[in-house]
Amino acid sequence: MDDIDLDVYSSLTSLIVQYNTDIKYIESCDEEIIFRSFFNNCNRNITLEWLDKVFVNSTSKCAIKAKAFREDGNVYYKEKNYLYALRHYTESVSHAPYDHEEFSLALSNRSAVLYNLNEYQSCVQDLETCLQTNYPKDLFHKLYLRLASCYVKLHVLDKSVETLQKLKDYLKDEQLDISPSKRDSVLQDINGIEKDISSKNSVENSDECINKEELNKLPDLKGGQNPKFLFASNALDLLYNPLQGRHVMANQDIQVGDVLFVEKPFSFVPILKSSKNSKHVFEEKCYNCLRTAKCPLPCKNCTTLYCAAECRDVSWSRYHRWECPGSCVDIWTKIGVNFLALRLLLIGASSGFTDVTPEPDTDVHQFGNAADNYPYICKLKTNVEKMDKMDVLPHVVSAMMITLYLKEKTDFFSHLKTAQNMDTFVYDELVYKVGGLLLKHILQVIVNASTVEAVHDEFYSKFHQAEQVTDNGIYVHAVGMYPSVSMMNHSCNTNIANYFCDDVIVVKANRNISKGEEIFNSYGLDCRRTSTQERQNTLKKQHYFICQCGPCTYPTKPEIYKGFLCQKCKGCSLTIAEEKYKCLSCQHEFAAGNHFTYLVKGEKYYEKFENTGNIEYLKRCIELREKVLHKYNYALYTVYLDLQMYYGDKGEFLLWWYYAQITLDMDKELIGEHSLRYAMNMRFSLIIIIRYLLSLDIQNKNMISGKDILALVCQSNKMLIDIKNIFKLYYSEEKLDFSKLSEEYDDMVAVTTRVLKDNLVEDIDSCVNELCEDFKLNV
């Protein structure tokens, strides 16, 4: 064991796999039987030795670290870099021992930052917590003054008056080490706050607005909650047959944007990063509910963070008391999503691992139980019967390590013996049962888990690390189990979109769906971005099935995006042999020798453009590619995009817009008309159009005609509507704010109207009517 790297969990796995190749002879597909076969003395001893070495390096609370983080925060605070000061104070709060003075000092300093950032409710939460700690009593006046000021800002004036009275009573203590001049200064501050209170029109008594952030509002399911299908719409049915397995069908017509699922996870775990680089990648998300926490409170024993004490206490009682020792040694960062399997087990243990009949055909009558959904977690597929046993072995190692961790490093098994139905188990049998369930849950997580995404809060945008953030403002920060959503089968061309409200997944239709049509999810593969062969190989390797969805059965995408232009009908031609192509539309076959000649010449022109920046070379490249490539070929898209960017940099709006329309049309095909990236590209173009039209000057009236101005206004209106509709598929209403864009649009309409009137554009009414008919809009 001396050569095992403790930071590389795979080295433990490799060692055990090396000595257990006989797993391939095990015929059983029962997870507990497989686990029993390898939970022998040799494997246990190797794993226990690894665990013992890991626990030598326990890193729980540390006042020295807390002080270092706080002092770094002080530097940022003096520089008025409040966001970075906040981050460092939060690190100090999380590392400080709970009863240590460093904890109270970090809370106090963080409250000052929050006050300067106008985050008054969060500031109140920190101050109220700090007042209950061993913060230096001689400095309590700072806390009271800040707290009273926060209440004034929040218009909770009765609380402010109450706090000031406490401060006055506090100042009467003659034993306080406060100089007379300091007392006078504090009294002056009290007078100032009292004047602020008296200047208000009325005193509001608003206890409810303190310490209660507004919860994300969840949308209503289409037709209400399905009584037989937990978290699903009444517009859906869960069906079963041997060919499709369990699958979800529409029992009525569904419109784009209709809400199909609103599901709270049975469980989730955050995506963690090693403590060497700060374990919590996105500190502001609560470990228990995933709500944003600008002033998070830590676990009393480790650095895990919560939005409030209530979440911390619930988490401790349900699962964290058994995870906490592992958090102190970074075990959970080493095992990845297998951490979620442990969480499933810990929550399931509270009900004694209740079970239901395993037959899938019974699920059509009832799937899900709001009181205890663990039995339906257990009914999710594992695919163990399809897996090569050598592929199962690494997961057996994980199950064995977690089982031994629970047995040797926590009191979990002692607690489990008190759970429902567990008191009759012999101790060793209980260990085998837990190990088997862990293996089962690990395999279920691989097949069924969903990544949980969040939208950037502007307050934290500078903190997020680029490798985890997409260009649409969404980042992945947790992995969860949503058993009802898991009932959807896969398609490479999904008909749904989803977003998250904290830990709750909201699934919407991304297009109109007819009665009797199946509802499809995507297992991370899209027909527009990956070839049929690549998708088939990935799905077979990871999910053990051959996809027979429409795009896989009749492949056209993304093959079209590599297709040649049929010279006969202008359709798309794909390769059928070396340098031989066949049109998908008219079946015309042709040799592609001349096509390749054009492409080689075009590539040379493109290289000259890159070397010289001469736009004429790029235009020549496009002319050659347009002769031989299908209109949606990605090689055409790249040069159109280059031209668009070129004219944008030159400030030549009309030419920029000409090519922007081409690339947007290609975006619609290449990435999908309901895709978020398409909406983001439209939004970027709309902003440029609006700002161009806002800059119109009557002196430049000959640069663009009145009809062209009206066309741009109409196009902008249509784009704004499309952008809003697409964004609503991927973001909760609370996260959407189009006010600024809409205001700019309204200003643009006012400016263009004035420009048109000032220039006496003839026949405006007929132009408007004609354009409105083209765009099907009212302008």
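Trainee: Which elements do the buried residues of H5 pack against?

Mentor: They pack against helix H4 (63-78), helix H6 (101-116), strand E5 (297-298) and strand E6 (305-306); contact means heavy atoms within 4.5 Å. Helices (H or I, at least four residues) and strands (E, at least two) are DSSP runs, numbered from the N terminus. This is a predicted model, in which local features need pLDDT of at least 70 and side-chain atom pairs count only at pLDDT 80 or more, while totals for chains, interfaces and linings use all residues. Residues are numbered from 1 along each chain as its sequence is written, and side-chain values use heavy atoms, leaving out hydrogens and water.

Trainee: What makes H5 mostly covered?

Mentor: Twelve of the 14 residues of H5 are buried, that is, under 20% relative accessible area (exposed is over 50%, partly exposed in between; 1.4 Å probe, protein chains only). Among them are Tyr 82, Leu 86 and His 95.

Trainee: Why is Phe 596 called partly exposed?

Mentor: Its relative accessible area is 30%, which lies between the two cut-offs, so Phe 596 is partly exposed. Phe 596 belongs to helix H20 (residues 593-612). Leaving aside residues up to four places away in sequence, Phe 596 touches Phe 564, Glu 579 and Tyr 581.

Trainee: What makes E10 and strand E11 a pair?

Mentor: Two strands pair if DSSP finds at least two bridges between them. Six bridges join E10 to strand E11 (residues 504-509), so the two are paired, and they run antiparallel. Asn 498 stands opposite Val 507 in E11.
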